[in-house]
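Biologist: Hello! Please walk me through this one, starting with the vocabulary.

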Amino acid sequence: MMTPEHEHWYSNARSSVCIADSNADWHGEFDLIVVGFGGAGASAAIEALEQGARVLIVDRLHGGGATEISGGIYYAGSGTRFQQAAGFTDSVDNMFNYLKMETRGIVSDDTLRCFCEQSLDNLQWLEDNQVPFDSTYCPVKTSYPTNKYFLYYSGNEAVHEYTQQADPVPRGHRSYSKGLSGEAFFGALKQSAINKGAVIKLNSEATRLLTNARGDVIGIETSEFAPDSPALKQHHKLVERYKKLRLLGPLLEGLLKKIDHTEQQKDQQQRYRATKGVVLASGGFIFNKQMLQHYAAPYKDGMPLGTPGCDGSGIRLGQSVGGAIDNMHHVSAWRFINPPLSWAKGIIVNQKGERYVNEQVYGAKLGYHMVAENNGTAILIINKKLFWKAVKETLFGGIWFFQVAPALMNLFLNAKKAKTIAALAEKIQANPEQLAESLSAYNQAARNNSADVFNKSPEFMADLSEGPWYAMDISIDSKLYPCPMITLGGLKVNEQTGAVKHEEGHDIKGLYAAGRTAIGIASRFYVSGLSLADCVFSGRRAARSACK
């Protein structure tokens, strides 16, 4: 059932519902059908297979989802063997106290504690399924560690306001692999699903949920390419090209249109029955401009992060049978300013020249303050000393190639230079008195080694009294410094089972949701690795419930 609020955009969605009976013309019957073959879908499928279920996985593209192209960071704590090997002590209570500050009630305390209590088991489960990890600890705060390091502070654990509630411990477990580790993380799960006997149908889009007369979900209808279709080969080439070029972001608009156009040539409809349930695990909706404009318009100028499969199709499928949604306005905008580390020692101001954030915080927290509280504006102020330190760190600091180019482009093409604060304020069209006041307060705290108004750690402070000064506009709509984003809202689920909740409050029998298709641990504030950890937690939960 659709509410009036949804109808004006929902009518264009490809997903809908159809009532079918047990005697329908089925093309296959399985215990569990999983829609979406990323981290959450793979976790659900493997868990079900381990319980003896017959499992079908369908994926609109080629599998992997956002998981495969991610950094492969898995958030784990409570005393993992990798934490212990690196010399760190953690506990369920300590992990819970920290995450309670990040989740802020998006899930119940019982569910959050369950997530923390299951952290060790889920990590071991991943290792049992051949996902590799390592205990080499990264001693420097960074948005993503280099190939030397595989355990790091992936969130706000070491930021002052968080250390008041929980002892800082690194929980970002990077999959052991060269380059971005998402491919190694997903590749292991994919192979495990294959080895355990999953039937996998790629290039197969679930377009409708099939129900019985009572409204119980009993299967899906798909749209597929004919096996010998030239469009199938073209589709494969286009999707692989997108994976290779995805970091170009806004420049790939034409390629995305070609992928969508090719998919319109799917000419086969199939129906598959699920005797135990259907799990929706096809990601969020960051690549659906219509949904983004409707639910989260302030984020429309950011750069979608993920794959074209993150189009909200799973959420829309759930809505088609009355599934309730929540937190759809909440998007995680990743405004990382480290590396280069010297940028985090400057200050960020809004259009008025007001400083509004502790610049050492995790990029998604900075992005939240930027969009939700300051109209998407972020102007980074550094001085000459930090400017050239940043250049040195970028060129010789051993950081990733995808971090080098944006840093250099912004330092040399985006930075506006001025010899006075007043002249700098004029160049960025900020209030000169307010900008001077922001810098003066910051400089005084840095010089005197006194408390910063935003509790920034002393090692991230720098006296900016000596000019000239540089201002870089790194707002959400920046062309030279695109702001990656993922959506956090989704279908409401029963937190004990993962069953999708109906708008009227009851569970929808036979329908489950996991990962970013559902409300979960990562749906309030994001830190690196929390989404993959929630994919495993919620995917396994859904499969266990369906297979009871």
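Modeller: Helices are DSSP runs of H or I with at least four residues, strands are runs of E with at least two, and both are numbered from the N terminus. This is a predicted model, where local features need pLDDT of at least 70 and side-chain atom pairs need 80 or more, while totals for chains, interfaces and linings use all residues. Residues are numbered from 1 along each chain as its sequence is written, and side-chain values use heavy atoms, without hydrogens or water.

Biologist: Where is Phe412 placed, and is Phe412 buried or exposed?

Modeller: Phe412 sits in helix α16. Buried means under 20% relative accessible area, exposed over 50%, and partly exposed in between (1.4 Å probe, protein chains only). Because its relative accessible area is 46%, Phe412 counts as partly exposed.

Biologist: How many salt bridges does the whole structure hold?

Modeller: Side chains of opposite charge can pair when their charged atoms come close. The rule used here asks for a side-chain nitrogen of Lys or Arg within 4 Å of a carboxyl oxygen of Asp or Glu. Searching the whole structure gives a count of 27.

Biologist: How far apart in sequence are the parts that Arg273 and Glu29 tie together?

Modeller: These two side chains meet in a salt bridge at 3.7 Å, N to O. Arg273 belongs to strand β10 (residues 268–280) and Glu29 to strand β2, so the pair links parts whose separation in sequence is 244 residues.

Biologist: What is the C-alpha to C-alpha distance between Trp26 and Arg273?

Modeller: Trp26 lies in the loop between β1 (16–19) and β2 (28–35), and with 16% relative accessibility Trp26 is buried. Arg273, at 23%, is partly exposed. The two are 247 residues apart in sequence, yet in space their C-alpha atoms are separated by 6.5 Å.

Biologist: Which residue forms a salt bridge with Arg60?

Modeller: Arg60 is buried at 12% relative accessibility, and so is its partner, at 3%. The closest N and O atoms of this pair are 2.7 Å apart, and the partner is Glu263. Arg60 is in the loop between β3 (55–58) and α3 (65–68), and the pair ties parts 203 residues apart in sequence, because the other end lies in helix α11 and is Glu263.

Biologist: Which residue pairs with Asp452?

Modeller: Asp452 is buried, as is its partner. The salt bridge brings N and O atoms to 2.8 Å, and the partner is Arg355. Asp452 lies in the loop between α18 (432–448) and β17 (469–473), so the pair ties parts 97 residues apart in sequence, the other being the loop between β14 (347–349) and α14 that holds Arg355.

Biologist: What volume does the largest cavity have?

Modeller: On a 1 Å grid over the protein atoms alone, a cavity is a set of points where a 1.4 Å probe fits but cannot get out, and lining residues have an atom within 4 Å of a point. Points are joined across faces, edges and corners, and the volume is the space filled by probe spheres set on them. There are two cavities of 30 Å³ or more. The largest, lined by 14 residues with Lys141 and Phe336 among those nearest its centre, holds about 120 Å³.

Biologist: And what volume does the second largest cavity have?

Modeller: Its lining includes Tyr299, His330 and Arg524. Both β13 (331–333) and α14 (363–374) supply at least two lining residues each. The space inside is about 60 Å³.

Key
On a 1 Å grid over the protein atoms alone, a cavity is a set of points where a 1.4 Å probe fits but cannot get out, and a pocket is an open set with protein on both sides within 12 Å along at least five of seven lines; lining residues have an atom within 4 Å of a point.
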